[in-house]
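Good morning, colleagues. Please take a moment to look at the sequence and the structure on the screen before I begin.

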Amino acid sequence: MQNNLQLSLVIPLFNEEESLPELFSWIKKVCTRESISFEVIFVDDGSKDKSWEVVSSLAEEHTEVRGIRFRRNYGKSAALNEGFAIAEGDVVITMDADLQDSPEEIPDLIKMIVEDGYDLVSGWKKKRYDPLSKTIPTKLFNAATRKMSGIYLHDFNCGLKAYKNDVVKSIEVYGEMHRYIPVLSKRAGFTKIGEKVVQHQARKYGTSKFGFERFLNGFLDLLTITFVSKFGKRPMHFFGLIGSLMFLLGSLVTVWMGIQKLYYVFYVKESARLITDQPIFYVALTLAIIGVQFFLAGFLGELVSRNAPDRNVYLYRETIRAEEKP
Ligand code: UDP
Ligand code: MG
């Protein structure tokens with residue numbers, strides 16, 4: 001690899017055989033024109049078409065091309081994560097493989113990172129060329145993410161983003177978390193986050209891989225990272241506290257009712273109503289039992305998260321790097 005590599009492009013792809021040659025020559029044209037030293041890391045997320053053959057033949061021809069191939073489809077986040085792990089450029093730019101993002105944005109993005117000192121610059125597809133069924137949920141999603149994260153970006157999910165290399169080496173992206181990379185970065189201490197309006201094209205080949213169910217998964221991930229940024233690996237501090245409070249309240253009410261019953265029996269000496277006749281007894285008892293369940297959920301959560309490995313492990317089929325070939 002070249003010394004002082006300026007740029008690593010990380011490109012996740014899943015069944016994008018038609019777009020790749022065109023995308024690579026466009027990137028190469030821009031980087032050559034602007035004298036930017038670069039590498040392109042194609043991460044094949046278990047494609048079933050000829051994408052890997054295309055990546056391999058690009059790597060045969062061009063020293064700038066590297067490739068990672070997953071054994072199966074792990075999702076865009078996993079693909080980005082593994083690309084990030086090997087990216088050597090000072091600036092790392094992610095871009096979708098489907099030609100919806102324009103390589104013409106590369107020089108300005110680099111400038112914002114290198115000269116203006118941003119840790120992360122997120123593309124904003126102000127004019128989108130996607131169907132309404134995509135743009136409406138996206139609007140809701142962006143509003144929710146802004147509220148929950150306190151990061152005021154218009155378009156969290158844009159695939160075109162630029163980072164300082166340090167940023168991508170400090171975060172782990174998994175599940176549907178690629179939508180929340182700015183949130184992960186902020187949590188890792190990289191707070192200078194900017195936004196740039198970028199061009200967006202309609203998909204030229206193939207079809208979108210993201211449907212509504214991935215938005216739902218994304219929403220659950222947002223809850224998880226919001227939780228994680230508050231409680232880290234200490235779920236017990238959340239569930240344990242709620243559980244203890246419920247248990248305490250439930251037990252106090254039950255005990256109080258028991259005392260009342262004894263008072264009637266021993267002092268008033270008239271046959272009191274059975275405590276089990278009173279509905280409030282069942283409410284209190286249920287509360288106490290649910291409290292114990294919450295506490296145990298927190299305890300188990302804590303055990304699991306403390307023993308969980310920090311890195312997700314993906315199975316690679318192969319990786320290629322031009323220089324390593326005979
Ligand atoms: N992608 C991926 N793994 C997946 C789904 C998508 O690597 O499981 C890639 C896809 O090939 C593309 C990018 O992620 O390069 C964005 O996907 P897509 O264009 O389908 O999303 P959209 O633009 O419709 O949001
Ligand atoms: Mg797309």
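How many nonpolar, polar and charged residues does the shell around ligand 1 have? There are 6 nonpolar, 5 polar and 6 charged residues. I should say at once that this is a predicted model. Of the 17 residues around ligand 1, those that come nearest are Pro12, Phe14, Ala97, Ser208 and Lys209. Two or more residues of the shell are given by strand β1, residues 7-13, and likewise by helix α3, residues 76-86.

Let me turn to the strands. β1 runs parallel to β2, and 7 bridges join them. Within this pairing, Pro12 stands opposite Val43 of β2.

Is strand β2 enclosed or open? Since 7 of the 7 residues of β2, residues 38-44, are buried, the strand is largely enclosed by the rest of the structure. In a regular strand, side chains alternate between the two faces of the sheet. In β2, both faces are covered: one side carries Phe38, Val40, Phe42 and Asp44, and the other carries Glu39, Ile41 and Val43, all of them buried.

Next, the nonpolar cores. The largest has 61 residues, and the members that touch the most others are Leu9, Val10, Ile11, Val40, Ile41 and Ile93. Apart from this core lies another, of 5 residues, including Met236, Phe239, Met246 and Phe294. As for Ile41, its contacts beyond four places in sequence include Leu9, Ile11, Ile68 and Ile86.

Finally, the chain as a whole is divided into domain 1, residues 6-230, and domain 2, residues 235-306. The C-alpha centres of the two domains lie 50 Å apart. Thank you for your attention.

Methods. Residues are numbered from 1 along each chain as its sequence is written. Chains are lettered from A and ligands numbered from 1 in the order in which they are written. This is a predicted model: local features need pLDDT of at least 70, side-chain atom pairs count only at pLDDT 80 or more; totals for chains, interfaces and linings use all residues. A residue is near a molecule or strand if its C-beta atom, placed from the backbone, lies within 6 Å of it. Helices (H or I, at least four residues) and strands (E, at least two) are DSSP runs, numbered from the N terminus. Ala, Val, Leu, Ile, Met, Phe, Trp, Tyr, Cys and Pro count as nonpolar, Asp, Glu, Lys and Arg as charged, and the others, Gly among them, as polar. A nonpolar core is a set of buried Ala, Val, Leu, Ile, Met, Phe, Trp, Tyr and Cys residues joined through C-beta atoms within 7 Å. A residue is buried if 20 or more other C-beta atoms lie within 10 Å of its own, exposed if 12 or fewer, and partly exposed in between; C-beta atoms are placed from the backbone. Two residues are in contact if their C-beta atoms, placed from the backbone, lie within 7 Å. Domain bounds come from an automatic or database domain assignment. Two strands pair if DSSP finds at least two bridges between them.
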